[in-house]
Amino acid sequence: MEHARVKEILNRNKSGGNVVIKGWLKTARHSKGFSFLEVSDGSCFSGIQVVAGEGLDNYDTEIKKLLTGCAVSVSGELVDSPGQGQKYEIKAEKIAVVGLVDSDYPLQKKRHTYEFLRTIAHLRPRTNSFGAVFRVRNAASKAVHHFFQERGFVYLHSPIITASDCEGAGEMFKVTTLDLKAPPRDEAGKIDYKQDFFGREAHLTVSGQLEAEIAAMALSNVYTFGPTFRAENSNTSRHLAEFWMIEPEMAFCDIRGDMDLAESFLKYVLQSVLNDCPDDMQFFNDRIDNTVLATMESIIKTPFERITYTEAVDILLKSGKTFEYPVTWGCDLQSEHERYLTEDHIKRPVIVTDYPKTIKAFYMYLNDDDKTVRAMDVLVPKVGEIIGGSQREDRKDILLKRIGELNLNEKDYWWYIDLRRYGSVPHAGFGLGFERIVQFMTGMGNIRDVIPFPRVPGYAEF
RNA sequence: UCCGCCUUAGCUCAGCAGGCAGAGCAAGUGGCUGUUAACCACUGGGUCGCUGGUUCGAGUCCAGCAGGCGGAGCCA
């Protein structure tokens with residue numbers, strides 16, 4: 001008899017019949033003559049209570065000794081539970097002990113700190129919190145693909161190793177097979193990367209955007225969703241050295257279409273997670289952050305505010321608030337500014353557009369004022385910037401001028417410039433850190449707790 | 001990288017005025033016929049982060065280092 005998942009059993013509309021489940025004990029309560037075992041298989045937030053009586057042939061030898069964490073296979077009858085707190089329970093007819101635990105099993109029935117659980121990342125998926133996090137992460141991931149697939153976007157696998165050092169977004173990890181103790185040198189005494197694996201310097205990708213633009217110029221609408229690496233020495237609750245990024249790119253699209261896509265994307269993913277993981281989301285709302293459900297629902301319902309950078313600066317100047325970093329037109333918006341805009345002033349997500357060209361990347365579309373570019377940042381309460389995007393500069397002469405102004409080397413961008421020579425069209429896209437959105441939905445304070453195995457400066461265990 | 005706080009049993013934490021190292025949970029043993037972080041009793045469990053200093057005496061005071069956390073910068 002094939003075994004059932006706990007989720008399916010709990011969703012049944014009536015008890016009765018024989019079931020087989022396999023899972024791990026969340027807790028075991030032993031009394032004289034019988035035991036209650038709560039078995040979880042990760043299929044949903046809740047486990048199911050198993051009642052084991054002393055009539056079982058291995059009751060004295062095995063069942064009585066079961067501890068939290070033991071793996072079991074249970075077959076029995078699904079019955080209505082007379083106790084409080086659960087609809088059904090399983091009256092065990094046979095319990096096979098599949099895997100015992102040593103007595104130093106670190107997970108207990110009480111609350112653990114997230115700091116401690118990070119040190120046992122191989123066991124933390126078994127906790128309520130992390131089970132819920134990973135199910136929500138999965139649901140969000142599924143929603144990302146569904147959203148784009150339903151709209152005819154092509155999933156593009158952009159490279160993880162890149163030899164172009166022109167991506168320009170942050171510090172990169174080097175990829176090499178050279179002997180670091182004695183690398184080959186050229187005549188000037190510099191490391192000779194011609195002898196390296198790729199015949200040139202190579203790095204882990206910091207963005208798939210430029211490759212996504214290539215694909216968009218043929219397939220019209222594409223998206224990437226893959227691992228991304230930043231070698232920055234960032235020690236914060238919002239940064240990882242390895243994270244997952246989503247980058248859609250649309251041909252024949254301007255900044256307005258980009259904003260529309262970003263807004264419907266966020267709403268879609270949030271709604272999908274609410275639909276797929278109601279119990280997990282209820283848990284986050286009850287135990288982690290009692291505003292997550294209300295915030296998500298209001299984001300889904302309310303149109304996002306849209307303001308320009310210039311308007312944002314005005315709002316900040318007129319706010320009467322003193323910020324640690326003073327606001328002037330031309331400065332980059334700091335976390336405190338973004339938070340004031342989205343949390344205090346507008347009180348919902350806001351898309352800020354048309355930033356000064358001096359604080360944005362070379363590839364963003366230059367406005368007619370010659371001062372601002374068609375960039376857009378989506379700011380949400382609590383997290384701040386969750387999406388950053390832009391309409392891309394599709395005019396070759398202006399792109400070349402911008403590359404010159406920023407003292408970049410045209411040669412490094414030869415293929416990117418080529419795209420502006422061969423059938424160039426207006427196009428736009430954005431980037432989104434996947435963990436940021438999972439953080440936002442779950443209310444988890446530290447980004448290290450929404451990815452199974454976090455990589456941060458000084459730490460890559462597991 | 002900068003600023004601040006923290007580090008005592010497997011976990012969460014007390015401890016003070018510088019004078020024998022504590023509790024709850026977990027684990028072990030026993031008890032209990034419906035539990036829900038079950039309950040009751042008993043037992044075992046410690047390099048008080050590391051190094052140095054002050055002192056008759058340091059978990060406690062001082063310095064340095066390491067690790068963790070929070071905030072900031074960089075950024076998604």
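I count a residue as near a molecule or strand if one of its heavy atoms lies within 4 Å of it. The model I am examining is predicted.

**Entry 1. Surroundings of the RNA**

I first looked up which residues surround RNA strand B, and I found 43 of them. The closest are Gln 108, Arg 118, Thr 236, His 239 and Arg 436. I then sorted the residues of this surface by character: 22 are polar, 11 are charged and 10 are nonpolar.

I next asked which parts of RNA strand B lie within 4 Å of the protein. Sugar or phosphate accounts for 52% of those atoms, and bases account for the rest.

**Entry 2. Individual polar pairs**

I looked up pairs involving each part of the RNA. For a base, I noted an oxygen of RNA strand B at 2.6 Å from a polar backbone atom of Gln 84. For the sugar or linking oxygens, I noted one that is 3.0 Å from an N or O atom in the side chain of His 112. For the phosphates, I noted an oxygen 3.1 Å from an N or O atom in the side chain of Ser 237.

**Entry 3. Elements that supply the RNA surface**

I checked which elements supply at least two residues each to the surface near RNA strand B. They are strand E1 (18-31), strand E2 (34-40), helix H2 (114-119) and strand E11 (242-251). Of these, E1 gives the most, with 4 residues.

**Entry 4. The sheet that contains E11**

I followed E11 into an open sheet of 8 strands with mixed pairing. I read the order as E6-E10-E11-E16-E15-E14-E13-E12. Strand E6 (154-155) and strand E12 (305-308) stand at the edges; each has a single partner strand, so one side of each is left without a neighbour in the sheet.

I then looked at helix H8 (residues 309-318), which packs on the sheet and touches E12 and strand E13 (350-356). The direction of H8 makes about 90° with that of E12.

Returning to E11, I found that 5 bridges join this strand to strand E16 (residues 427-433), and that the two run antiparallel. I located one bridge by residue: Met 245 has Gly 433 in E16 as its partner.

**Entry 5. Packing of H7 and H12**

I last examined helix H7 (residues 292-301) and helix H12 (residues 434-442), whose axes come within 8 Å and cross at roughly 120°. On the H7 side I listed Val 292, Thr 295, Met 296 and Ile 299, which meet Phe 440, Met 441 and Thr 442 in H12. The residues of this contact divide into 5 nonpolar and 2 polar, with no charged residue.

Terms used:
Residues numbered from 1 in each chain as written. Chains lettered and ligands numbered in written order. Predicted model: local features only at pLDDT ≥ 70, side-chain atom pairs only at ≥ 80, totals over all residues. Heavy atoms only, no water. Polar contact = N/O pair within 3.5 Å; in protein donor to acceptor, adjacent residues only side chain to side chain. Nonpolar A, V, L, I, M, F, W, Y, C, P; charged D, E, K, R; others polar. Pairing = 2+ DSSP bridges. Contact = heavy atoms within 4.5 Å. Axes fitted to C-alpha atoms, helices over the stretch in contact; angles between N-to-C directions.
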